[in-house]
Amino acid sequence: MSTKFEIADDFIADENKKSEGFLAEDYEYLGKKLRRNLIEIEDLVEKAQSFQVAVPSWGVGTGGTRFARFPGQGEPRGVYEKLEDCATINKLVRSTSAVSLHIPWDQPENVDELNSFAKTKGLKFDAMNSNTFQDQLGQAHSYKFGSLSHADKDVRRQAIEHNIECIELGKKIGSRALTVWVGDGSNFAGQTNFRHALENYLESMREIYARIPDGWRMFIEHKMFEPAFYSTVISDWGTNYYCARELGEKAFCLVDLGHHAPNVNIEQIVSRLIQFGKLGGFHFNDSKYGDDDLDTGSVKPFQLFLIFNELVDAELNNLPNFEPAYMLDQSHNVTDPIESLMMSSCEVVRAYVQAHLVDRGKLEDAQRRGDAIAALGTLKEAFTTDVSSILATARARNGGAINPVEVYRASRYRAEKARERPAQVGISAGII
Ligand code: LRH
Ligand code: MN
């Protein structure tokens with residue numbers, strides 16, 4: 001494999017020199033401010049340095065909608081170029097060292113080659129994602145009318161086998177989880193029997209669950225609608241929770257922020273799943289209407305903070321079965337995917353650090369007294385604290401960039417990739 005352009009560590013170090021002075025000033029000012037509340041800023045930098053959020057392999061290509069997809073320059077053409085871009089993101093933000101693959105989009109020809117390439121890039125593999133929402137060439141049975149919940153057991157069998165193949169591949173590349181999202185549902189009243197569909201789904205999932213190795217987890221992802229527009233088999237957190245309970249202790253619920261109706265109180269859903277010991281993890285993104293898959297924190301940053309407020313409360317109280325997997329799941333239709341994923345990973349770390357600023361004694365006291373203004377004020381004090389200098393210091397100490405997007409642009413990485421990766425011609429639509 002010929003040498004491909006990559007951003008050098010000393011290029012990042014040189015670029016950081018340009019803003020180290022201002023950063024030190026901001027850091028010292030914030031340190032003084034936090035010390036008034038007996039908070040040690042160094043503790044927060046350590047938390048930020050160790051925080052990790054996985055990136056989706058399918059997120060480094062330009063996304064699209066059913067209407068169109070407008071590919072950008074230097075699009076990754078396969079799993080290796082996707083990993084190159086994921087490694088570039090991690091090189092600059094140092095909080096995204098795990099990549100979640102989607103099968104068959106990322107099916108490798110040579111697993112050992114994939115493993116060694118990932119190692120050279122300092123990457124590891126997060127949850128595997130199966131795909132029974134598209135038909136592959138030469139596939140025996142179509143998923144047009146569903147997959148794991150399909151009325152026809154031969155279709156279910158095919159979907160079960162695909163999920164088992166994802167597990168087997170995952171075992172070879174060090175993954176420790178399988179995420180199962182199915183688009184199964186209906187577009188017309190009467191088209192499917194709700195009860196039979198869920199029974200079929202559970203029967204199929206039990207077979208897949210039986211192949212989940214020890215030390216692995218199965219993540220069930222619910223979604224209100226799309227691609228089905230009348231009913232969806234796993235449409236909400238309640239059905240998801242029921243299925244995770246039915247399947248067993250290795251099954252957990254995955255919360256994709258965009259998979260809920262507008263204005264749903266997602267932070268309360270998170271609190272419930274934590275309390276029930278079934279919160280498996282997240283697909284972070286943002287949305288205004290449907291499953292818009294917009295950049296995390298770009299529409300409702302306060303909601304993201306409130307979700308992390310629940311997560312940090314659970315962390316500080318050592319609640320049982322609490323080991324959430326954090327992952328981004330976005331579609332970048334009009335931005336450079338690398339810039340969006342860098343910004344979004346920083347927004348996730350920001351929400352986490354801000355949630356650690358919440359004065360929980362003051363909050364509980366206000367809650368006990370029913371003092372809503374004091375309670376909200378306590379949360380807003382944390383949410384309105386600019387922790388950028390903590391996040392930048394953490395990135396720099398991890399060898400990353402103080403200003404990731406600026407350094408990325410100065411590196412001309414995208415222009416270099418456009419040179420290395422000739423554009424693929426042709427009209428395309430859809431998410432990848
Ligand atoms: C479904 C979803 C799921 C992925 C897909 C790419 O909307 O969120 O997590 O498989 O996007
Ligand atoms: Mn998702």
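**Notebook: salt bridges, cysteines, cavities and a surface patch**

I began with helix H12 and found that the side chains of arginine 369 and aspartate 365 meet in a salt bridge, at 3.0 Å from N to O. I note at the outset that the model is predicted. Both residues belong to helix H12 (residues 360–369) and stand four residues apart, about one turn of the helix. I looked up the accessibility of aspartate 365 and recorded a relative accessible area of 30%, which is partly exposed.

I then looked for salt bridges that share partners. One network of this kind joins Arg77, Glu81, Glu84, Asp85, Lys417, Glu420 and Arg421. For the structure as a whole I recorded 38 salt bridges.

**Entry: glutamate 6 and lysine 121**

I next took up a salt bridge between glutamate 6 and lysine 121, in which the closest N and O atoms are 3.2 Å apart. I located glutamate 6 in the segment before helix H1 (9–17) and lysine 121 in the loop between helix H5 (111–120) and strand E3 (124–125), so this pair ties together parts that are 115 residues apart in sequence. I checked the exposure of each partner. Glutamate 6 is partly exposed at 42% relative accessible area, and lysine 121 is also partly exposed, at 22%.

**Entry: lysine 300 and aspartate 286**

I recorded a further salt bridge, between the side chains of lysine 300 and aspartate 286, with 3.3 Å from N to O. Both residues lie in the loop between strand E10 (279–284) and helix H10 (301–316), and the pair therefore ties together parts that are 14 residues apart in sequence. Is aspartate 286 buried or exposed? I found aspartate 286 to be buried, at 4% relative accessibility. Its partner, lysine 300, is partly exposed, with a relative accessible area of 29%.

**Entry: cysteines**

I searched the whole structure for disulfides and found zero. Why does cysteine 86 form no such bond? Its sulfur is 15 Å from the closest cysteine sulfur, that of cysteine 346, which is too far for a bond; the cut-off for a disulfide is 2.5 Å. I asked the same of cysteine 166. Its closest cysteine sulfur belongs to cysteine 86 and is 18 Å away, again too far for a bond. I looked up the accessibility of both residues: cysteine 86 is buried at 0% relative accessibility, and cysteine 166 is buried with a relative accessible area of 0%.

**Entry: cavities**

How many cavities of 30 Å³ or more does the structure hold? I counted two. The largest cavity contains about 80 Å³ of space. I listed its lining residues as Ala48, Val93, Ser95, Ser345, Cys346, Val349, Leu391, Ala394, Arg395 and Asn398. I then assigned lining residues to secondary structure, and noted that helix H11 (337–355) and helix H14 (388–397) each supply at least two of them. Cys346, one of the lining residues, is the cysteine whose sulfur is closest to that of cysteine 86.

**Entry: nonpolar surface patch**

I finished at the surface. Which residues make the nonpolar patch of about 270 Å²? I identified Met224, Phe225 and Phe229. I placed phenylalanine 225 in the loop between strand E7 (217–221) and strand E8 (231–232). Its relative accessibility is 31%, and phenylalanine 225 therefore counts as partly exposed.

Definitions and conventions
Residues are numbered from 1 along each chain as its sequence is written. Chains are lettered from A and ligands numbered from 1 in the order in which they are written. This is a predicted model: local features need pLDDT of at least 70, side-chain atom pairs count only at pLDDT 80 or more; totals for chains, interfaces and linings use all residues. Side-chain values use heavy atoms; hydrogens and water are left out. Buried means under 20% relative accessible area, exposed over 50%, partly exposed in between (1.4 Å probe, protein chains only). Patches are made of residues with over 30% relative accessible area and no salt bridge: like charges are joined within 9 Å, nonpolar side chains (Val, Leu, Ile, Met, Phe, Trp, Tyr) within 5 Å. Accessible areas come from the Shrake-Rupley method with a 1.4 Å probe; for residues, only the protein chains shown count as cover. A salt bridge is a side-chain nitrogen of Lys or Arg within 4 Å of a carboxyl oxygen of Asp or Glu. Helices (H or I, at least four residues) and strands (E, at least two) are DSSP runs, numbered from the N terminus. On a 1 Å grid over the protein atoms alone, a cavity is a set of points where a 1.4 Å probe fits but cannot get out, and a pocket is an open set with protein on both sides within 12 Å along at least five of seven lines; lining residues have an atom within 4 Å of a point. Grid points are joined across faces, edges and corners, and a volume is the space filled by probe spheres set on the points.
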